[in-house]
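Colleague: I am new to reading protein models. Could you walk me through a few features?

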Amino acid sequence: MDFYGFYTGKIFNAYQYLGAHPDGHGVTFRTFAPGASRIALIGEFNGWQEYDMEKAHDGHFWEYHAQDAQVGMMYKYRIYGKDGRCVDHCDPYGFGMELRPNAASIVRDLDAYKFQDRKWMQSRSDCKKKPLNIYEIHMGSFRKPSCQADDWYTYEEMADILIPYLKENGYNYLEVMPLNEYPCDESWGYQSTGFFSPTSRYGTADQLMALIDRCHQNEIGVIMDFVPVHFAVDDYGLSNYDGTALYEYPHNAVGVSEWGSCNFMHSRGEVRSFLQSAANYWLSEYHIDGIRMDAISRAIYWQGDPGRGVNMNAVEFLKYMNEGLKMLHPTAILAAEDSTSYPGVTKDVSAGGLGFDYKWDMGWMNDTLDYFRTAPQYRSTDYHKLTFSMMYYYDDQFLLPLSHDEVVHGKATILQKMHGDYDDKFPQARAFYMYMYAHPGKKLNFMGNEIGHFREWDEKREQDWNLLDYPAHQSFHQFIMDLNCLYLEHPALYEMDYETEGFEWLDCHAETDCTYALERRSKKERIVAVFHFSATAQEAYKLTVPGAQKLELLLSSEAACYGGTLEHPQTVLALKDGTCSLSFKPFSAAYYKVVPEKTTR
């Protein structure tokens, strides 16, 4: 290992030196603990008795080669501080861990599994000019073998269930909430104890690799949530690892997050090398296709509060990490969950940005959901909540998220958020989703949204799949599937997401009627999308589409097969001088493909 690089926060491969490494003649264990006075290795291979580890390199590292240790065995580090007190810790660089509440690390052989995804890895991209339709899941509550809270399918079993579902439903990327090891189910993995350990809730490292491999063989990319800002407080983890604040701030004023977890001290090179190596580890060893970094606002600003100023150490860390990861993995996706207006999140580091590929558009999400919560009679006042996003859209490269955070803790599910009674919610939700998929930006939808989930998400229970026994939910599900497939098939909806030529408002001033019209373009295709979000029907709406001879219907939210009122929607609209007349049902939307006027020479 490059020790100077480790101390200065420049390396991305610390896990290749630190941690537990089998070599055919036992296992070499190494850990970094400069504040320790003594460290003993304990594990299954020595009856949990103490093997004294020896100091290595400059005395801040400790190592031991255990000839009787084997892959699959558990171990811990018993770390004695300068005050003589000792705590048994899991390995910060451990590649496996026990299921909570136990906390031993497990020896894993990362070279045992052989991937069969070369074709995918050679052809994947960051999807800037391709469709990116992400299905976000919590691995333990998508499907469950039983109603028991801690009964889960393994990674491999989930492959048999999940991959056909993704393909049938028109999703080309899967995003999984954190799969690093974590002690508290209710934290969903966002308060980690094992940054290099796939959670044992669902199986082993090899089984996770197999799941990702099979996704790739089915042309499905995999993004994983990653938390570079804070970690769990459990005493067997990173907290006071060597008897000192090695990974965290020593002062509570900035050392404790709003979630009660420990904030990483990004000014320390050892911490930066740890986090950079963890991110690179998932991309390299597991062939993960992207990382969604959580709570980036808490890294940019002290405690996430712009009033407290920018945390320049953390900002510089993000820049260096992102630039380094893109050099190592040019086609991997780096996405920021950031709700702030900090400039340049998706600009190149060389241009003064943070170097992310995508930023979650939290403003679009909040404004749009607020609009649909509003009673229809007041929507004319809020009309421009739906147009405002395009005022700032080209400042960054945005992804439109409807994530797990929007369907928990009293926020209501996406379908519930729609104003009105049960019957009114479905047409509004259909029109809402058509607005989302016509809007520039890549897409993310959390599991259950696609079937019109009414119950808020609970990590202990699987999704209410029995909803599909009800016609309204079954029709809504079919609508989402058709919308997803249409998105994947039509370049106008994704090819020029981040070019101003790819989008144009055709009408964004019909405040009284709550009607909108826009056009999406690619190099070879034009699509017009029209929306009517009023509770009353509208007749004789004049739509002008320059250069269009006719419009061919691609999708109507009011088609009877989706639960709408139109048995036979008008499929072709002839335009005279680029103008046609439309009629709208309440809460409706439609996509049309533009047939251009014939040109004469």
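Modeller: We will take exposure, charge, strands and backbone angles in turn.

Modeller: This is a predicted model, where local features need pLDDT of at least 70, side-chain atom pairs count only at pLDDT 80 or more, and totals for chains, interfaces and linings use all residues. Residues are numbered from 1 along each chain as its sequence is written, and side-chain values use heavy atoms, with hydrogens and water left out.

Colleague: How do I read exposure, and is D111 buried or exposed?

Modeller: Buried means under 20% relative accessible area, exposed over 50%, and partly exposed in between (1.4 Å probe, protein chains only). D111 has 55% relative accessibility, so it counts as exposed. D111 sits in the loop between β9 (105-106) and α2 (118-123). Helices (H or I, at least four residues) and strands (E, at least two) are DSSP runs, numbered from the N terminus.

Colleague: Which residues gather with D111 in a patch of negative charge?

Modeller: A patch takes residues with over 30% relative accessible area and no salt bridge; like charges are joined within 9 Å, and nonpolar side chains (Val, Leu, Ile, Met, Phe, Trp, Tyr) within 5 Å. A salt bridge is a side-chain nitrogen of Lys or Arg within 4 Å of a carboxyl oxygen of Asp or Glu. Asp and Glu count as negative. Here D109, E156, E157 and D206 join D111 on the surface.

Colleague: Now strands. How many bridges join β22 to β23?

Modeller: Two strands pair if DSSP finds at least two bridges between them. Five bridges join β22 (residues 503-510) to β23 (residues 515-521), and these strands run antiparallel. E504 stands opposite E519 in β23. Four residues lie between the strands of this hairpin, where C514 has a positive phi near 55°.

Colleague: What comes before β22?

Modeller: The loop between α13 (471-489) and β22 holds E501. E501 is partly exposed, because its relative accessibility is 48%. The C-alpha atoms of E501 and T340 are separated by 27 Å, and the two residues are 161 apart along the chain.

Colleague: Where else is phi positive?

Modeller: Look at N240, which is not a glycine yet has a positive phi of about 45°. N240 lies in the loop between β15 (230-231) and α5 (252-255). Its relative accessible area is 41%, so N240 is partly exposed. H287 also has a positive phi, near 60°. The loop between α6 (269-285) and β17 (290-293) contains H287. H287 counts as buried because its relative accessibility is 16%.

Colleague: Which peptide bond is cis?

Modeller: The bond from R100 to P101 is cis, with omega near 10°. P101 is in the loop between β8 (86-89) and β9.

Conventions
Accessible areas come from the Shrake-Rupley method with a 1.4 Å probe; for residues, only the protein chains shown count as cover. The place of a charge is taken as NZ of Lys, CZ of Arg, CG of Asp or CD of Glu.
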